[in-house]
Amino acid sequence: MTDRIRVAVVGAGRWAQVAHIPGWLRDPRAEVVALADVDEAALAAAAGSFPVPRVTADYRELLDDTGIDVVDVVTGNRPHFQISWDALSAGKHVLCEKPVHMDYRKTREAAALAAERGLRTKLGFTFRYAPAVRYAKELIDSGFVGEPFIFNGFEQNSQWIDPATPLRQFNAGADPARIAVSSIEGYGAPIIDIMHWWLGRPLTAVVGAMRNFVPERVIRDTGQMTRANIDDGDMWIAEFGGGALASIQSSYVTVGNYPGIEARIYGSEGAVIVRLVDEFGICQTIRTARKDAVEFTEAQIPERYFPPGGHSGEPWEYLFYSNLVSDFITEILDGGREPQGDFAQGALVQETINAFEASFRSRAWVSFPLGAAGADAR
Ligand SMILES: NC(=O)c1ccc[n+]([C@@H]2O[C@H](COP(=O)([O-])OP(=O)(O)OC[C@H]3O[C@@H](n4cnc5c(N)ncnc54)[C@H](O)[C@@H]3O)[C@@H](O)[C@H]2O)c1
């Protein structure tokens, strides 16, 4: 490997263009050397916007290239696992959008393959790289909140409150009488990641419910208004070791702007509330209180949590993703550093989502970890 990380981005759609590619290009330690997309138009649009020397429709052509260190998987959800698996098998470090696989056991297999090969992995847990979230983690680790009692996590906005807004990734073959997992997996994963990361102790049990609030929607592939029995809103309670409690609410039919994250932690000494909602030109705030000064006040996020020149008025996709890829580059270059937000963490988050679903299906508390029987009972 040279002193610059050489990246191939697979999937050149919207998210690759607003977050991944600009993020890589912002860091002088990386260069994007190839783009792959099965869709000619998407590939041409991305290649026209960014200076990338090599483009291809078939990512497999890139795997033998010794001039590529990292494969960055930003396709729609279904191919994530296969592309990640192929890239790891070819000896590449992998950044993959969530979920790697809808069954956490497959994600764990990919994490094991990476460990065996001495490769680094990272999940697209965008919001753990928000400067406000990282600063909150520093406060928690330094004892600011004391012993954590309660965590509340929200990941919600009103992206699909209007039935005419086309929905993608809809499983048309699914049984319409059985509500399908949607919001909690597509939207809830990053706040579940933050819950685990901030609390830093084992999850022991979960219970909760999924709801379908908007019954019919336009589906992107067909353009037709269709019965779509999907989880467009849900609420969960989680018990953690040491007695801590957590709640998670995810939805894309709740009025509010993107990205719509709020994370609150209350402990024996203090509390921290982080809000990642694009409002009036600012994409993040952090407010803190102590037991002897109970009025929440806004805290200044230290500059070290921003990329050089970065600020809270930047587009959140660009700001948070710049931090994510920069962290991955540091991990790859400094092989000794403790990984964060990797495939093993992705498996834990996916296992939590699978446990939430199992609880709703059985209308009962579900113990954690799930174990094979619990996972199959979903
Ligand atoms: N982490 C976040 O905050 C966040 C935000 C938005 C999207 N995402 C995720 O990013 C991913 C991409 O989302 P998007 O909005 O860009 O979707 P998109 O549909 O705009 O783009 C996906 C692209 O992948 C291409 N593709 C599909 N299969 C492929 C294959 N086998 N090989 C090469 N290319 C292939 C498609 O042709 C398409 O151009 C999704 O998994 C989505 O969930 C994550």
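This passage looks at a sheet, the helices packed on it, and the surroundings of a bound ligand.

The model is predicted, so local features need pLDDT of at least 70 and side-chain atom pairs count only at pLDDT 80 or more, while totals for chains, interfaces and linings use all residues. Residues are numbered from 1 along each chain as its sequence is written, and side-chain values use heavy atoms, leaving out hydrogens and water.

Let us begin with the sheet. Six strands (DSSP runs of E, at least two residues, numbered from the N terminus) form an open sheet in the order S3-S2-S1-S4-S5-S6, with parallel pairing; two strands pair if DSSP finds at least two bridges between them. At the edges lie S3 (54-56) and S6 (121-123), each pairing on one side only. Strands S4 (70-73) and S5 (93-96) are joined by 4 bridges, and Val71 of the former stands opposite Val94 in S5.

Helices (DSSP runs of H or I, at least four residues) complete this picture. H2 (40-49) packs on the sheet, touching S2 and S3, where contact means heavy atoms within 4.5 Å.

The ligand comes next. Around the ligand are 23 residues, the closest being Trp15, Asp37, Asn77, Gly124 and Thr126; a residue counts as near if one of its heavy atoms lies within 4 Å. Helices H1 (14-26) and H3 (80-89) each supply at least two residues of this shell. Polar contacts (pairs of N or O atoms within 3.5 Å) also appear: a backbone N or O atom of Trp15 lies 2.8 Å from a ligand oxygen atom, and one of Thr75 lies 3.1 Å from a ligand oxygen atom.

Technical notes
A polar contact is a pair of N or O atoms within 3.5 Å; within protein, one must be able to donate a hydrogen and the other to accept it, and residues adjacent in sequence count only if both atoms are side-chain atoms. Axes are lines fitted to C-alpha atoms, for helices over the stretch in contact, and angles run from 0 to 180 degrees between N-to-C directions.
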